[in-house]
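Trainee: I've just opened this one and I'm new to it. Could you walk me through it, one question at a time?

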Amino acid sequence: MKHLVTGGAGFIGSNYIFYLLEKYPEDKVICLDKLTYAGNLSTLKTVLDLPNFKFVKGDICDRELVYDLVENERPDVIVNFAAESHVDRSIEDPSIFLNTNIIGTSVLMDAARKYEIKRFHQVSTDEVYGDLPLDRPDLLFHEDTPLHTSSPYSSSKAGADLLVMAYYRTFGLPVTISRCSNNYGPYQFPEKLIPLMIAKALNEEKLPVYGDGANVRDWLYVEDHCEAIDLIVRKGRIGEVYNVGGHNERNNLTIVKLILEELGKSEDLIHFVTDRKGHDRRYAIDPTKIHNELGWLPKTTFEKGIKETIAWYLEHREWWQTIMSGEYQNYYQKMYLDKGRV
Ligand code: NAD
Ligand code: DAU
């Protein structure tokens, strides 16, 4: 199988590429990534020279580039991870979220239609459902829960989801959508809660907890998400949405304290700061459909996954330190332009 994976230099996309190349060594993977601030080509350094892997720097909104790529490569499937993904940034400046997350998705789907790609998979998020109250643990997000977004980020993802379903109904494009809860694991950009708190604790800096720290997220180890997407792409029913999550709800303060304990740091580093605007209170996924239809269940418990993740950040200080210093952005210049690879 030949896969076009967009956004593969980011957190989940890179883990998905590693997952594919390890599980299906006969498959071919092309990664299209704009290398925004969130894309880090050095993340992919162990696969860059594989004969069945190809990296292309480019924007999913660039119609000409996307059409040329799809025409030349003729992938069997397109899996779209490319997105502006950070809620706080969307509150500062929504416009790029609309371009990449909505327009970019439509450009990819137009290319998929034009070249009759067998599957277009949209990687979406549980944030499209809005939030749930803290005092109703019985309530979960189901696939038919109405879309009810809070931030420009989640609104742009919901807009893309609606467009994906419109392309299915109107044009018969063979689509699937996955809506996953919060991921954690290796290679997550250190602006998101878990890697940010690990990095700050290691640097003995204050850990900024928004509001009262009682907001709940439903955490899933990234590899479990990758396995779910792979199953949906290969065996999921066309035109269907699949929720992905592992019934693992924790509030932010619990996570932060756990990280401090694991690193042997003092809770005095916790610093309560002004809350995020429109801050969603609680997310919780009902994954019954993907379990019943595709047999998916998460393999990594939170206890194991968080320990491994903290250990990974300890062992890969250079990866996140070069991000925090901004130096990672020179990697493409060094690996591609200077070596005449493009
Ligand atoms: P990320 O921010 O780590 O990576 C995004 C990647 O997309 C980066 O490599 C970036 O360079 C690339 N990109 C951005 N704009 C682009 C453009 N216009 N053209 C080409 N490439 C572009 O994001 P992530 O956390 O890995 O999330 C990946 C996807 O999964 C997103 O669609 C996100 O909405 C979704 N998702 C994320 C989570 C989570 O917890 N992180 C959970 C559920 C769903
Ligand atoms: O639910 C899936 C979503 O999870 C994805 O669609 C998004 O792309 C991904 O970024 C993530 O969104 P969140 O907003 O939940 O993740 P974030 O890591 O930004 O924040 C997690 C929680 O931690 C949230 O309640 C806000 C809080 N927080 C976050 C940061 C960065 C803090 O208290 N302090 C912080 O510094």
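Mentor: Sure, and one definition to start: a residue is buried under 20% relative accessible area, exposed over 50%, and partly exposed in between. Keep in mind that this is a predicted model.

Trainee: Let me try that out. Is Glu 262 buried, exposed or partly exposed?

Mentor: Buried needs a value under 20% and exposed one over 50%. Glu 262 has 37% relative accessibility, so the label is partly exposed.

Trainee: Which residue does Glu 262 meet in a salt bridge?

Mentor: Look along the helices: Glu 262 lies in helix H8 (residues 252-263), and the partner is in helix H10 (residues 302-315). The pair ties together parts that are 45 residues apart in sequence. That partner is partly exposed, at 47% relative accessibility. With 3.3 Å from N to O, the side chain that Glu 262 meets is that of Lys 307.

Trainee: Let's step back. How many helices and strands does the protein have?

Mentor: Just for scale, the C-alpha trace spans about 55 × 50 × 35 Å along its principal axes. The secondary structure comes to 12 helices and 13 strands.

Trainee: What radius of gyration does the protein have, next to a compact globule?

Mentor: For 342 residues, a compact globule would come out near 20 Å. The protein agrees with that, because its own value is 19 Å.

Trainee: What share of the residues counts as buried?

Mentor: The cut-off is the one we began with, under 20% relative accessible area. The surface that the protein exposes is about 14,700 Å², with carbon and sulfur atoms supplying 49% of it. Of the 342 residues, the buried share is 58%.

Trainee: Can we pick one of those? Where is Val 70 found, and is it buried or exposed?

Mentor: Val 70 is found in helix H2 (residues 63-73). Its relative accessibility is 0%, so Val 70 counts as buried.

Trainee: Which residues is Val 70 in contact with, leaving aside neighbours within four places in sequence?

Mentor: Some of the chain around Val 70 comes from elsewhere in sequence: Ala 112 is 42 residues apart along the chain, yet the two C-alpha atoms are separated by 7.7 Å. The contacts of Val 70 are Leu 4, Pro 75, Ile 78, Ala 111, Tyr 115 and Ile 117.

Trainee: Back to charges. How many salt bridges does the structure hold?

Mentor: Side chains of opposite charge can pair when their charged atoms come close. The protein has 40 positive and 51 negative charges, with mean positions 3 Å apart. The count of salt bridges is 24.

Trainee: Which residue forms a salt bridge with Arg 276?

Mentor: Arg 276 lies in the loop between strand E13 (270-273) and helix H9 (288-294), and the partner is in helix H3 (residues 87-92), so the pair ties together parts 188 residues apart in sequence. Arg 276 is buried at 17%, and the partner is buried too, at 19%. The closest N and O atoms are 2.7 Å apart, and the partner is Asp 88.

Trainee: And which side chain meets Glu 249 in a salt bridge?

Mentor: Glu 249 lies in strand E12 (residues 249-251), and the partner in the loop between E13 and H9. Glu 249 is partly exposed at 34%, while the partner is buried at 2%. The N to O distance is 2.7 Å, and the side chain is that of Arg 282.

Conventions: Residues are numbered from 1 along each chain as its sequence is written. Chains are lettered from A and ligands numbered from 1 in the order in which they are written. This is a predicted model: local features need pLDDT of at least 70, side-chain atom pairs count only at pLDDT 80 or more; totals for chains, interfaces and linings use all residues. Side-chain values use heavy atoms; hydrogens and water are left out. Helices (H or I, at least four residues) and strands (E, at least two) are DSSP runs, numbered from the N terminus. The radius of gyration is taken over C-alpha atoms; the globule rule is 2.2 Å times the number of residues to the power 0.38. Buried means under 20% relative accessible area, exposed over 50%, partly exposed in between (1.4 Å probe, protein chains only). Accessible areas come from the Shrake-Rupley method with a 1.4 Å probe; for residues, only the protein chains shown count as cover. Lys and Arg count as positive and Asp and Glu as negative; His and the chain ends are not counted. The place of a charge is taken as NZ of Lys, CZ of Arg, CG of Asp or CD of Glu. Contact means heavy atoms within 4.5 Å. A salt bridge is a side-chain nitrogen of Lys or Arg within 4 Å of a carboxyl oxygen of Asp or Glu.
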